[in-house]
Amino acid sequence: MKRTPLYDEHLKLGGRMVDFAGWALPVQYTSITKEHLAVREDVGLFDVSHMGEFFVRGPGALDFLRWATLNDPARLKVGRAQYSMLPNDRGGVVDDIYVYRTGEEEYLVVVNAANVAKDWAHLSRLAEGRVMELEDASDAWALMALQGPRAEGVLQAFTDTDLACVRKNATLTLTVAGMPVRIARTGYTGEDGFEIFVAPEDAPAVWRALIEAGVTPAGLGARDTLRLEAGFPLYGHELTDATNPRCTPLAWVIKDKPYYGREVMEAATCDERLVGLVMEHGIPREGYPVLSGGAPAGRVTSGTQSPLLKKGIALGWVREDLAEEGAELDVEVRGRALPARVVRPPFVPLGKKK
């Protein structure tokens with residue numbers, strides 16, 4: 001397994017290490033529930049250095065990204081970011097990504113760890129013949145996510161920059177604990193917070209400074225339950241090469257412009273819809289059947305017991321005629337059909353930064 005620059009820090013804190021997309025990462029330090037609630041109620045810190053980072057530079061960078069992504073990077077001013085996706089030519093999605101405009105002719109694209117090689121090959125092919133440069137800078141960065149209602153206050157103690165003026169989806173460079181970093185007011189938990197890009201050799205010092213300031217270290221387990229409460233997709237579960245985002249609550253990401261595979265994506269029909277499900281009893285898990293009147297109606301793609309709601313929550317695909325909010329269905333849990341209600345995510349109120 002690959003090790004992030006923070007591997008030794010995780011061991012010092014008692015992190016239980018697991019293999020995630022070929023990386024050794026902590027699934028938890030104490031308990032998933034405690035780490036989850038720390039992020040919802042206070043502040044937590046994640047190592048996400050396994051994510052991939054690509055730079056797109058040059059006079060043709062914007063036109064290239066407008067073609068290669070579903071959202072419209074033409075809307076980004078320097079220092080702004082947007083959630084987006086890479087479409088394929090079959091009406092599906094290569095990956096879901098974040099695009100940061102870091103200069104007049106420079107963009108940073110952050111991709112999922114499991115898809116780094118696939119995304120690089122895909123973008124490299126689309127870039128052929130264009131006046132631009134692609135750089136895989138994944139090994140040049142460590143990345144951590146400081147998330148929770150107290151994130152701004154904690155980080156403010158380490159920088160002279162007024163973080164109250166940093167809007168959601170903003171990105172800028174500054175100094176944290178004496179180290180040069182790039183921060184972005186983005187994250188994958190549904191809470192306010194910052195993602196911190198830092199040189200690998202500087203990462204342990206920044207991590208230790210934040211932990212010593214009282215931040216709770218959090219692992220992959222809490223990251224998954226937090227993103228699920230927020231209704232965020234996970235590639236390989238809710239999104240795949242065959243997923244048409246028009247059939248999901250994320251259809252807003254598709255902007256009216258030319259993009260790779262547009263005709264195929266627009267021509268596809270939505271026989272199923274991605275929905276949220278809430279259960280008063282039972283815990284839904286990936287792969288569990290969704291039923292209507294005892295007959296197959298869909299499947300769960302991600303599910304858990306919500307630490308905040310104390311209820312079963314899930315994302316899943318159901319037949320289009322059963323996808324209306326409030327629809328009563330069942331999820332088969334260990335051979336028992338248990339009631340589930342269709343809801344529109346997020347499942348919990350989320351922290352917001354204007």
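How many bridges pair strand S11 with strand S12, and in which sense do the two strands run? This is a predicted model, and here S11 (residues 171-176) and S12 (residues 179-184) pair up antiparallel, with six bridges between them. Below is a quick tour of that pairing, plus a three-strand sheet from elsewhere in the chain numbering.

**The S11-S12 hairpin and its neighbour**
- S11 and S12 make a hairpin, with two residues sitting between the strands.
- In the turn, Ala177 has a positive phi of about 55°.
- If you want a handle on the register, look at Thr171: its bridge partner in S12 is Ala184.
- S12 also pairs with strand S13 (residues 193-198), antiparallel again, this time through four bridges.
- For the S12-S13 register, Val181 has Val198 of S13 as its bridge partner.

**The S1-S3-S2 sheet**
- Three strands build an open sheet, ordered S1-S3-S2, and the pairing is mixed.
- S1 (2-3) and S2 (16-20) are the edge strands; each has a single partner strand, so one side of each has no neighbour in the sheet.
- S2 and S3 (residues 23-28) run antiparallel and are joined by five bridges.
- Within that S2-S3 pairing, Val18 has its bridge partner in S3, namely Leu25.

**A helix on the sheet**
- Helix H7 (residues 220-229) packs on the S1-S3-S2 sheet, where H7 touches S2 and S3.
- As for orientation, the direction of H7 makes about 70° with that of S3.

Technical notes:
Residues numbered from 1 in each chain as written. Predicted model: local features only at pLDDT ≥ 70, side-chain atom pairs only at ≥ 80, totals over all residues. Heavy atoms only, no water. Pairing = 2+ DSSP bridges. Contact = heavy atoms within 4.5 Å. Axes fitted to C-alpha atoms, helices over the stretch in contact; angles between N-to-C directions.
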